[in-house]
Every structure is written in structure tokens, then in C-alpha cells.
Amino acid sequence: MTIEIVDQGRNNVLDVDPKFLEIQSGKIIFSGDDNTLRIGEGCAMRGGQIQIWNGSKVEIGSGCLLGFIDIFANRGAKIQVGKNVGFTWTVKLHAHEFGILTVGDECLIAKDSLITISDMHSIIDLRTKERINPAANVSI
């Protein structure tokens with residue numbers, strides 16, 4: 001088992017223990033430029049994927065069990081996971097727009113959870129022509 005890395009950009013930063021890449025399984029995808037992924041020591045990943053696009057940043061603290069994680073960060077978004085966090089099987093952390101999604105230290109997130117900073121569908125006020133459901137930061 002290994003982590004597959006796809007880098008489709010420039011100036012992308014991958015800061016992980018080389019052992020993590022060798023003994024865990026899943027996929028890391030960088031799309032676009034100036035993205036950052038940091039994964040702390042002692043983390044485990046049993047599959048899934050981490051996608052980081054267009055100047056976004058994902059930071060995962062040490063000692064995390066990522067299970068079969070699905071992380072997606074786009075448009076300059078930032079996803080921060082604290083230390084000793086456990087994700088039970090399939091959990092989705094999505095930041096499709098600019099904003100910050102934070103999971104604090106020592107949280108346990110159940111399988112089939114979706115945590116996102118937006119619903120990815122703009123709702124426009126017909127009178128003002130302004131979006132009434134913008135992305136917002138999420139902190140757990």
C-alpha cells in the first residue's frame with residue numbers, strides 16, 4: 001500500500017513523513033499552483049483522497065486517524081485538523097470556496113459525515129442580485 005501523488009501545478013508543498021507515503025493508502029491530488037498539504041507525525045490513512053486546488057491549504061495535526069477520508073479544498077480555502085482527531089471510515093471535509101474549516105484537537109467524527117463551508121449552489125436575491133448564501137467558516 002502506498003499513497004499515490006498527482007501534482008498538476010507548480011509551487012505545491014507536500015510536508016509529510018516519507019513513511020506515511022509508503023505504508024498508508026489513498027491519493028493526494030494537487031491541481032493548480034501554490035497549494036500546501038501538511039500531515040503531522042503518526043497519522044494513518046486507510047484510503048480515500050485529499051484534493052487541494054487553486055492556492056489552498058490543508059494542515060492535519062499529529063496522531064490523526066484519517067480512515068477513508070475525502071478532503072477537498074479549492075479557491076484559497078484552508079482546512080485545519082487538530083491533533084489526535086479520529087475520522088471513522090468515510091468522512092468528507094469540503095471547502096469548495098474561500099473560507100476556513102477547522103476541526104479542533106481530539107475530536108471524533110462518525111462515518112458518513114459531511115462537513116462543508118458552503119452548499120456550492122448560489123442563491124441569488126432577485127431584487128438585489130446579491131448572493132444570500134455565501135460560504136462561511138466552520139469550527140468544531
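This passage describes the strand pairing, aromatic contacts, cysteines and salt bridges of a predicted model.

The strands considered here form an open sheet of 6 strands, in the order 1-3-5-7-10-13, with parallel pairing. Its edges are strand 1 (3-8) and strand 13 (113-116), each of which pairs on one side only. On average, and with direction ignored, neighbouring strands of the sheet are turned by 5 degrees against each other. Within the sheet, strand 3 (residues 25-31) runs parallel to strand 5 and is joined to it by 6 bridges; in this pairing, Ser31 stands opposite Trp53 of strand 5. Strand 5 also pairs with strand 7, again in the parallel sense and over 6 bridges, with Gln51 opposite Phe72 of strand 7. At the edge formed by strand 13, 4 bridges connect this strand in parallel to strand 10 (residues 90-95). Ser113 in strand 13 is the bridge partner of Val91.

Two of the residues named above, Trp53 and Phe72, also take part in an aromatic contact. The structure contains 2 aromatic pairs. In the pair of Trp53 and Phe72, the ring centres are 5.1 Å apart and the planes stand at 65 degrees; because this angle is over 60 degrees, the pair is classed as edge-to-face. The contact links distant parts of the chain, with Trp53 in strand 5 (residues 46-53) and Phe72 in strand 7 (residues 68-73), 19 residues apart. The two partners differ in their exposure to solvent: Trp53 is partly exposed, with a relative accessible area of 28%, whereas Phe72 is buried at 9%.

The count of disulfides is 0. The cysteine sulfur closest to that of Cys43 belongs to Cys64, at 4.5 Å. A disulfide requires the two sulfur atoms to lie within 2.5 Å, so this pair is too far apart for a bond. Cys64 is likewise in no disulfide, its nearest cysteine sulfur being that of Cys43. Both residues are buried: the relative accessibility of Cys43 is 7% and that of Cys64 is 1%.

Across the whole structure, 4 salt bridges were found. One of them joins the side chains of Arg10 and Asp33, with an N to O distance of 3.0 Å. Arg10 is located in the loop between strand 1 and strand 2 (13-15), and Asp33 in the loop between strand 3 and strand 4 (36-39), so this salt bridge ties together parts that are 23 residues apart in sequence. Arg10 is exposed, at 56% relative accessibility, while Asp33 is partly exposed, at 26%.

Another salt bridge is formed by Arg131 and Glu97, whose side chains meet at 2.7 Å, N to O. Here Arg131 comes from the loop between strand 13 and strand 14 (138-139) and Glu97 from the loop between strand 10 and strand 11 (100-103); the pair therefore ties together parts 34 residues apart in sequence. Arg131 is partly exposed, with a relative accessible area of 27%, but Glu97 is buried, at 12%.

A salt bridge is also present between the side chains of Glu59 and Lys57, at 3.5 Å, N to O. Glu59 is partly exposed, with a relative accessibility of 22%, and Lys57 is partly exposed as well, with a relative accessible area of 28%.

Note on methods: Residues are numbered from 1 along each chain as its sequence is written. This is a predicted model: local features need pLDDT of at least 70, side-chain atom pairs count only at pLDDT 80 or more; totals for chains, interfaces and linings use all residues. Side-chain values use heavy atoms; hydrogens and water are left out. Rings of Phe, Tyr and Trp (its six-membered ring) pair if their centres lie within 6.5 Å; planes under 30 degrees apart count as stacked, over 60 as edge-to-face and the rest as tilted. Helices (H or I, at least four residues) and strands (E, at least two) are DSSP runs, numbered from the N terminus. Buried means under 20% relative accessible area, exposed over 50%, partly exposed in between (1.4 Å probe, protein chains only). Two strands pair if DSSP finds at least two bridges between them. Axes are lines fitted to C-alpha atoms, for helices over the stretch in contact, and angles run from 0 to 180 degrees between N-to-C directions.
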